[in-house]
Amino acid sequence: WTQVQKFTPLDGLDDPTEAGKFGWSTVLVPESEHASMMIVVGSPGFNQESGKVYIFNDVQGSMVLFDTLTDQNWNHEGMKGGRFGSSIDANHDTILVGAPFHSNGKGAVYVFQRPETGQGFLASQAIYGDDIEEGDRFGHSLSLSSNKAVLCAPYKSVEAIHFVRKRPKLAHQVGSCYVYSQRDQSSAFKLDQRLTPSNVLP
């Protein structure tokens, strides 16, 4: 491996800020028949942990800033601390961004889509999860594949079977993941299934 290029917030037209955590998360979307290679970089510490995401496109072998994303389309009151950009995944049409500390740690996942290849990404949907409570950190990790998304809340407390006494009890921070799907790119993501460890009650 040979270093080809170095990224800093300056490449995203921002001065480096203390605790910006630029590079906390990243995803590389390979070149396709209709789109160039794209690199998405999360900076969840930006602006007092409000968070920001930078999108770079390959232009003749060099990665150039294409777009930036924030939660401002939903965060009208300018609340800080959500850590937008803590987790990201993407393809050429859709970007998912996790903000696990949104609303006292309930968490949120934001969906950005672009109508046509080459255009900018537009705010599309905010997913706050089902049965999510403060501290669950929904959006801590996530994955996107085609029209399916898995969004996880690792601090979710659920009813679990105690192996010794065989009695249900509330198990703290067991965690849950949620499977979402969308019918097509123009439709919203809808919950399909909740995933929990095997000792958790249905």
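## The largest pocket

Sorted by class, the residues lining the largest pocket are 6 nonpolar, 8 polar and 3 charged. This is a predicted model, and the pocket is a pleasant place to begin a tour of it. The volume of the largest pocket is about 210 Å³. Its lining counts 17 residues, and those closest to the centre are Asp71, Asn75, Met79, His102 and Ser103.

Which helix gives the largest share of this lining? The answer is helix H2, which spans residues 102-105 and supplies 3 residues.

## The chain as a whole

Stepping back, the protein chain holds 2 helices and 14 strands. The chain has 202 residues, and 41% of them are buried.

Contacts tell us how the chain comes together. Taking the contacts in the protein chain between residues at least 6 apart in sequence, 47% link residues that are at least 24 apart.

## A sheet from E1 to E4

With so many names to follow, a word on sheets may help. The strands of a sheet pair through backbone hydrogen bonds, in either a parallel or an antiparallel way.

Strands E1, E2, E3 and E4 form an open sheet of 4 strands, in the order E1-E2-E3-E4 and with antiparallel pairing. At the edges are strand E1 (25-29) and strand E4 (62-69), each of which pairs on one side only. From one strand to the next, the twist averages 20°.

Let us look at the pairs inside this sheet. E1 meets strand E2 (residues 38-43) in the antiparallel sense, over 5 bridges. One place to find this pairing in the structure is Ser25, whose bridge partner in E2 is Gly42. Strand E3 (residues 52-59) and E4 run antiparallel too, joined by 7 bridges. Here Tyr54 has Thr68 of E4 as its bridge partner. E3 and E4 make a hairpin with 2 residues between the strands, and in this hairpin Gln60 takes a positive phi near 55°.

## A sheet from E5 to E8

Further along the chain is an open sheet of 4 strands with the order E5-E6-E7-E8, and the pairing is antiparallel. Strand E5 (87-90) and strand E8 (122-127) each have a single partner strand, so one side of each is left without a neighbour in the sheet. Ignoring direction, neighbouring strands of this sheet are turned by 20° against each other on average.

What joins E6 to E7 in this sheet? Strand E6 (residues 94-99) and strand E7 (residues 108-113) pair in the antiparallel sense over 6 bridges. To spot the pairing, start at Gly98 and look for Val109, its bridge partner in E7.

## Strand E13 and its partners

Is strand E13 largely enclosed or left open by the rest of the structure? Of the 6 residues in strand E13 (residues 176-181), 5 are buried, so the strand is largely enclosed by the rest of the structure. Buried here means under 20% relative accessible area.

E13 pairs with strand E10 (residues 148-153) in the antiparallel sense, over 6 bridges. E13 is also joined to strand E14 (residues 190-195) by 5 bridges, and these two strands run antiparallel.

Ser181 is a good residue to find in the structure when following both pairings. In E13, Ser181 is the bridge partner of Lys148. Ser181 also stands opposite Lys190 in E14.

How values were computed: Residues are numbered from 1 along each chain as its sequence is written. This is a predicted model: local features need pLDDT of at least 70, side-chain atom pairs count only at pLDDT 80 or more; totals for chains, interfaces and linings use all residues. Side-chain values use heavy atoms; hydrogens and water are left out. Two strands pair if DSSP finds at least two bridges between them. Axes are lines fitted to C-alpha atoms, for helices over the stretch in contact, and angles run from 0 to 180 degrees between N-to-C directions. On a 1 Å grid over the protein atoms alone, a cavity is a set of points where a 1.4 Å probe fits but cannot get out, and a pocket is an open set with protein on both sides within 12 Å along at least five of seven lines; lining residues have an atom within 4 Å of a point. Grid points are joined across faces, edges and corners, and a volume is the space filled by probe spheres set on the points. Ala, Val, Leu, Ile, Met, Phe, Trp, Tyr, Cys and Pro count as nonpolar, Asp, Glu, Lys and Arg as charged, and the others, Gly among them, as polar. Buried means under 20% relative accessible area, exposed over 50%, partly exposed in between (1.4 Å probe, protein chains only). Contact means heavy atoms within 4.5 Å.
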